[in-house]
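Me: Please take a close look at one part of this model. I would like a single helix residue first, then the enclosed space that its helix helps to line.

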Amino acid sequence: MRSAWLVIRKDLRAELRRPQAMIAMLFFGFLLLVILDVAVPAGTEITPETGAGILWVAITFSSVLGLGRSFDREKENHCLEGLLLSPLSPEGLFGAKMAVNCIFMGLAELAILPLFFILYGDAFLRSLPALALVLLLANSGFAATGTLFAAITAGADRNEALLPMLFFPLVMPLIAMAVRATGMIFAGAPLPEYSSWLQVMAAFTLIFTGLGFLVSRHIFRD
Amino acid sequence: MAADDYLEVSGLCKEYEGCRALRDLSFRLARGDFLTLFGPNGAGKSTLLRIIATLTAPDSGRVRVDGADLEDGSEEFRKRLGFISHHALLYDQMSALENLVFSASLYGVADPGARAEELLAQVDLQLHRHRLAGTFSRGMRQRLSIARALVNDPDLLLLDEPFTGLDRQAALLLGELLLVLKERRRTIIMVTHDLDRGLAMASRVGILAGGRLAFLEPRHRIDAAAFAGLYLATINGETS
């Protein structure tokens, strides 16, 4: 646990010093929100379902940029090999990278959400507490799946192209559930109406987190 | 495993896409042995080091260190392992001190800051402790990389072509550090093509060819000139 925390702290410090992943995620998220806002005719009322779709398009595409970079720092000078030579277990490394991805996604969302509420209506703002729960579950699921595939593709030459090709088809059910749950929350539905979506999202996250820990030893060692 | 054996390699086999890197490789080392392994390119030297370092899993065979199978407690074993490879294993965006403190912390060193300062002094980089590793010259990076590998004061040190590409100062420094470690009875396996340096430091000398140990003898039984001839004949036999 301690070694994993050291890796998390190192990655957060490195990102603070040179915020490559965060800038890419925020820029892409902002750009998508603005483009979609321009595409919607003026005066058109955004339905809860459409609002949910727009929000998750921005979050999903900005997240994949961050996930793709989660092993970039370990590639320079073969630092990943340095970590694997240390007493840090492969499971600890997976857990650390998943936690870092989760934190980066959460920080990006903290910046993307205000712009979303400004552009698409502050009526959605009242849904924030329930939305936070959906974001937490979706972030964990994204981070588990994304870290797993980022680790698998870390050694590949063109992993920037490979990661989305592997990641998106698998994470599609999670995105669909997040959009559904968010749409219902924006429409003012009570928790029991969308709790089944949250339960399936939690199950998805648990399955891919468990899978990541189970296979990390095989991913990181030849 | 005999009572004084520290490292036991038995029946190691490894194949990469149809190419057999190691074929039933077995040998034993006592604590404090310094084994220099020579061999032509592709003989399986790096694969052997990577398997002992737990970076690569063998297809069959096993490695035991201090009586324990590596499969059972490789995390515990890696606390006592040092590895100097072709790669610097340094974070360019971290200072020299931060790189060493991070590594020392990962290895659970009691006072990472003090250990990092001690190593920076040993490799003559204490005046550059706050400079980013990415701004270092090649020689400085090599010295920092050596310090990084020694951060946990390893019981077992693996060196993969450690002198290749080193500048004169870094090579001298590495030679001195290795002699100190040898005197302190650290077990060392060095893979090299450098006959002079390899023979000068070794207590045991081996030749790996075609994934097999073609030769393994204590250093005192070897005549340097005769060994050079044998080594050349082995390389020529491999390449012809």
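Reply: B:N99 is found in helix α3 of chain B. Helices here are DSSP runs of H or I, at least four residues, numbered from the N terminus. The model is predicted: local features need pLDDT of at least 70, side-chain atom pairs count only at pLDDT 80 or more, and totals for chains, interfaces and linings use all residues. Residues are numbered from 1 along each chain as its sequence is written, and chains are lettered from A in the order in which they are written.

B:N99 counts as buried because its relative accessibility is 2%. Buried means under 20% relative accessible area, with a 1.4 Å probe and protein chains only. Leaving aside neighbours within four places in sequence, B:N99 is in contact with B:L90, B:Y91, B:M94 and B:A133. Contact means heavy atoms within 4.5 Å. The C-alpha atoms of B:N99 and B:R129 are separated by 9.6 Å, at 30 residues apart along the chain.

Now the enclosed space. A cavity is a set of points on a 1 Å grid over the protein atoms alone, where a 1.4 Å probe fits but cannot get out; lining residues have an atom within 4 Å of a point. There are four cavities of 30 Å³ or more. The largest has a volume of about 60 Å³, the space filled by probe spheres set on the points, which are joined across faces, edges and corners. Its lining includes A:C79, A:L83, B:Y91, B:F102 and B:R148. Two elements give two or more residues to that lining: α5 (79–85) of chain A and α3 (96–106) of chain B.

Notes:
Heavy atoms only, no water. 1 Å grid on protein atoms, 1.4 Å probe; cavity = no way out; pocket = protein on both sides within 12 Å on 5 of 7 lines; lining within 4 Å. Buried < 20%, exposed > 50% of the residue type's maximum accessible area, 1.4 Å probe, protein only.
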